[in-house]
Every structure is written in structure tokens, then in C-alpha cells.
Amino acid sequence: MNNLHLTNSLTNKKEIFNPINKDNVTLYACGPTVYDNPHVGNARALVVFDVLFRILIELYGEKKVSYVRNITDIDDKIIEASKIKKISISDLTKSVTEKFHKDCKVLFCLNPTKEPKATDHVAGMINTTNKLIEKNAAYEKEGHVFFAVASFKKYGKLSNKNPDDLKAGARVEVSKLKKDPLDFVLWKPSDKNDPGWDSPWGRGRPGWHLECSVMSEKYLGKNFDIHGGGLDLIFPHHENEIAQSCVYNGTDKFANYWVHNGFVTMNKEKMSKSLGNITTIEDATKKYTGQVVRLSLLSAQYKQPLDWNNELLTEQSKTLDKWYSMYSSEVSEKTPNCFNDLLDDMNTPLYISKLHELFQESQKGNKDKKKEFNKACRLIGLFNESAEKRAEYKKSKVKISKDNILSKIKDREEAKKAGNYKLADQIRDDLNEEGIDIKDEKGKTIWNYK
RNA sequence: GGCCACGUGGCGGAAUGGUUACGCAGAGGAUUGCAAAUCCUUUUAUUCCAGUUCGAUUCUGGACGUGGCCUCCA
């Protein structure tokens, strides 16, 4: 397989990826709503699309891929959170955005080409809303503007839903202002104290789906290659994006490929804020390293569910420890053979199995394989910190001082010489407790931070 | 209720119409003062039923089970 294949949610089939323009391959991924600290579920989407970005870069070249990931900094959840936390909206969004950026860095995600904010694009959203009204695809009612779903015939194609079923199964109270229960809001009025912008329909703020349509068009064009996000965004978010963009653009083509990642689960249940079963990225990367979290997130194929638990993390942590013994700054220039496994719908587990093979061969002294191993690790965002830096990180978790360690090791060596193995073993056990790994190799004591 | 995904060894997790995934754990061996690390060898699996087929874990149908979407969510 030398072509990239992706499962397209539009068709539910694995398809060969053909970009519209090989000199500018375009990827849009839904970014965070900055109202609370990002959790491991958010991290999965982040890492999955980072890997896709890296694959595209490897295939088409760094300068020929445009990756846009938005930041949603206006939303009802943000307003609510700022009231609960009693801090201003701008302080809240600023601090959460900072935290998000920190998490991205810890997870070794590349910076997207562009990271637009919703609040910088309100004018564009008003403009789009106006056009949709002109086209009779939207209507104003008491300061609200709704998109009329009936104006888009293909509504429901992405999420595999037919509008009649949706109406029948409606579980939410429908606003009386809507002509059709499926219609969704493009613009809504803001209370005096809530953030708002002046518009032809009064002071208000945009609905959620509109920003992605406006920003993707601005930075990637009316028709672009890949749109990604979590499985839970398919309906209604992405369905609504498609509807409003297609009607606005007067086409039936928006993103050509829709890629959706599966959920992170806890005890088989979706990790989500509303269920309260979340682990923040900050906590996860504190306890383990960012790389361990990253490798764990890639241990299942992106569409499959991924259960988050200690066993997973400790296993990946062990793997990375092992692998780091073959860390090298000498990296092969060639694309490794196993890259093909990534091309096959990002089959990261299969790719990782090849990393194990390459590791074994490099350990046996095969220098080419070692270079290839190092290249292959970097390709999915591993080995981004040197072995020394990683050791430093581990050192920070150990309380005992280096001098103390060295002196204890000296004591142990003397005890060994004297044949006092009981004492020597005791010292080794003690150091082990402190987080120091001791091994005797060829008569020498080798020690490492665990 | 509608729609979707999934069900592989002790665990995680790929693949495949007939041949070892891989990792962790377990067992045996080499090595070691004993360990650790490493290396070698090795045990264990395709939810159930029916069909198609020379042959199905893989394709088709059904049953059961799990999870998800239908409301904010990555």
C-alpha cells in the first residue's frame, strides 16, 4: 500500500486519499472549547490528527500541508463556567488556552499551520448568516437566526440519520421560535451581561457550528481535503457544518474526507465531562511522561475505543524505557518500510509492532536498523526528547540525592567485595525503594533512575 | 424506538477465505554470588447458531452481549 487510505465517515468505507491539490493539502480538525482543562479524551483527537498531519508532511512535504485547528472561545459553556468560577470570560479563555497549549507541547504535537479563534471571526459569521438569509436558507425570529434544515436535501448523510427519524425521536424541548424542530441556531441574542456583538439582528453571539464553516473556508477554501474530529461531533456539529457550508457555497462538496476518532473510555464507558470520569492531560502527563501518554493513545487504531487504565500506561511506560536504550541522534533519512502501515488508515498498533521488531534488530547491533528505528519513532512523535532529558525528568521524581546514591553504591560494592551479600542486597533493595535501578554488568554497577 | 460500531489467548491489540502478528504477563533455559537487564525456547484465542465454500475467526443471515450517537461533548 503506497497510497494513504482513510476511512471516510461520509461513505463509511476505506478510501484512497487523493488531495485536491498536491501542493497544498488541507486538513481541518475541531479544536477545544476553552472552558475547562483538557482531558485525555481531548488528547486522543489531538494526537490522532497530529499523526495524520505528520503522515501528510512525510508524503507531501512540510510546506505543502495546511493544518488548521480552531479554538472555540465563545460558547454558552464558557459563559456558564466563568459565572461559576467568578472570573471574566477573557481570563478564563486565556488561561485554558494556555493550559491547552502546554498540554499540546507535553504531548509533542506539532503546531498547526493556523490556529484561529472564533471571536476573531465574528464578522465573517455575521456575513455568512446574512448570505444564508438572502438564500432563504435561514430566517430571523426575535433576535435569533435559524438555519432551515429543509433547505439542504442531503441533511443526515454524514451521520446516517434521516430527518424524519430525528423528529420522531426528539428528546429535547424544541424552541417555539423554530419553524422545524431540526433547525439550528446561527445567531442568538445575548443578555446585557453576556458577551455579544452588534449585528443586523441585535446584540448577540454566534451559534456553535458556524465558526468551523467560516474559518475552514477562510483558511482552506470552500472545498478542502480532510475534516477531522471526535466521533461525538458527527451529529449534530459536523452535519450542521456541512449543511450551512454547502448551502452558503452553493455546492454539495465541503470536506472530501471526514475522519473521526473513537472514544477514550474508563471501565468501558466514554470519558466525558458530563459523566465526570475524566483524567486531565495535565494529571496524566505528570504521573507518566507525555510520550507514555502519546504511545498509549496510539496503542489502538484511532477508530477503536481505548480504555484508559494503569495497566495500559505502565505497559507503555516499560516499552518506552526499553526503547530508549536504543535512542540515537543518528536518524535515517529514508522513510521506513513500516510507514506503509500508517498509510493503511493509520494502523498505529501494527506500526508499533514493527517498532518492536526494529528495536530488537538494533539491539543486536544492526546500525542501519537502529537509524531506521529512530526515524520510525520520530515519525509518530516519539523520541522527541533525548535520553538525557528523559533521565532528567525521571530524576525529578526521585528524592534521594546523587551523592547519596553514589555513596550507597560504594558501600554496596565494598560489601560485595567482603562477601557480605546480605548487606549488598539490602542496599540494593533500599535504593530500589527510592526509585533507583541497580544492575551489575561485567563487574560494574550500572544505575538508573526508574 | 431509530441508526452505528464492536465481540480474537490471562490482559492489551493487529491481521487474514487455508500458513508465527506484536506487546505485557506466565513457564523453561543461558547469564548472575543472588538479582536486574538482555538473549534463546515455549503454553494459551477467534461469543453462539445456521448458511456459502474443498476449507471461515475472516463472507452472508440470525441470536446473545457490550459500547456509542439521536442533547453539550474529542
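Two residues are in contact when heavy atoms of theirs lie within 4.5 Å. Keep that cut-off at hand for the exercises below. The model of chain A is predicted.

**Exercise 1. Find the partners of Tyr327.**
Task: Where is Tyr327 found, and with which residues is Tyr327 in contact, leaving aside neighbours within four places in sequence?

Solution.
- Step 1: Locate the residue. Tyr327 sits in the loop that joins α10 (310-324) to α11 (339-343).
- Step 2: Apply the contact cut-off, within 4.5 Å. Skip neighbours within four places in sequence. The partners of Tyr327 are then Lys370, Asn374, Arg378, Phe383, Glu385, Ser386 and Ala387.
- Step 3: Take one partner, Asn374. In sequence, 47 residues separate Tyr327 and Asn374. In space, their C-alpha atoms are 6.6 Å apart.

**Exercise 2. Buried or exposed?**
Task: Decide whether Gln301 counts as buried or exposed. Then do the same for Ser317.

Solution.
- Step 1: Recall the cut-offs. Buried means under 20% relative accessible area, and exposed means over 50%.
- Step 2: Test Gln301. Its relative accessibility is 14%, so Gln301 counts as buried. Gln301 lies in the loop between α9 (290-297) and β13 (306-307).
- Step 3: List what touches Gln301. Beyond four places in sequence, its contacts are Arg44, Asp345, Met346, Asn347, Thr348 and Pro349.
- Step 4: Test Ser317. Its value is 18%, so Ser317 is buried too. Ser317 belongs to helix α10.
- Step 5: List what touches Ser317. Residues up to four places away are not counted, and Tyr288, Val292 and Arg390 remain.

**Exercise 3. Place the largest nonpolar core.**
Task: Which domains give residues to the largest nonpolar core, and where does this core lie?

Solution.
- Step 1: Write down the domains. Chain A is split into domain 1 (18-264), domain 2 (305-393) and domain 3 (398-449).
- Step 2: Look at the core. It has 72 residues, and Leu56, Trp308 and Trp323 touch the most other members.
- Step 3: Find the main contributor. Helix α1 (residues 40-60) gives the most, with 13 residues.
- Step 4: Conclude. Domain 1 (18-264) and domain 2 (305-393) both supply residues, so this core lies between them.
- Step 5: Check for another core. One of 39 residues lies apart from the largest, and Phe184, Leu210, Ile234 and Val247 are among its members.
- Step 6: Zoom in on Trp323. Neighbours within four places aside, Trp323 is in contact with residues including Leu295, Ile352, Phe359, Phe373 and Leu382.

**Exercise 4. Follow helix α7 to its end.**
Task: How many residues of helix α7 are buried, and what phi does Gly250 take?

Solution.
- Step 1: Set the bounds. Helix α7 covers residues 234-249.
- Step 2: Count. Of its 16 residues, 14 are buried, and the helix is mostly covered.
- Step 3: Move just past the helix. Gly250 takes a positive phi of about 70°.

**Exercise 5. Describe the whole chain.**
Task: How many helices and strands does chain A have, and what share of its residues is buried?

Solution.
- Step 1: Count the elements. Chain A has 16 helices and 15 strands.
- Step 2: Give the span. Along its principal axes, the C-alpha trace extends about 90 × 50 × 40 Å.
- Step 3: Give the buried share. Of the 450 residues, 50% are buried.
- Step 4: Turn to the surface. Chain A exposes about 22,600 Å², with 47% supplied by carbon and sulfur atoms.
- Step 5: Add a distance. The centres of domain 2 and domain 3, taken over C-alpha atoms, are 30 Å apart.

Note on methods
Residues are numbered from 1 along each chain as its sequence is written. Chains are lettered from A and ligands numbered from 1 in the order in which they are written. This is a predicted model: local features need pLDDT of at least 70, side-chain atom pairs count only at pLDDT 80 or more; totals for chains, interfaces and linings use all residues. Side-chain values use heavy atoms; hydrogens and water are left out. Helices (H or I, at least four residues) and strands (E, at least two) are DSSP runs, numbered from the N terminus. Buried means under 20% relative accessible area, exposed over 50%, partly exposed in between (1.4 Å probe, protein chains only). Accessible areas come from the Shrake-Rupley method with a 1.4 Å probe; for residues, only the protein chains shown count as cover. Domain bounds come from an automatic or database domain assignment. A nonpolar core is a set of buried Ala, Val, Leu, Ile, Met, Phe, Trp, Tyr and Cys residues joined through side-chain atoms within 4.5 Å.
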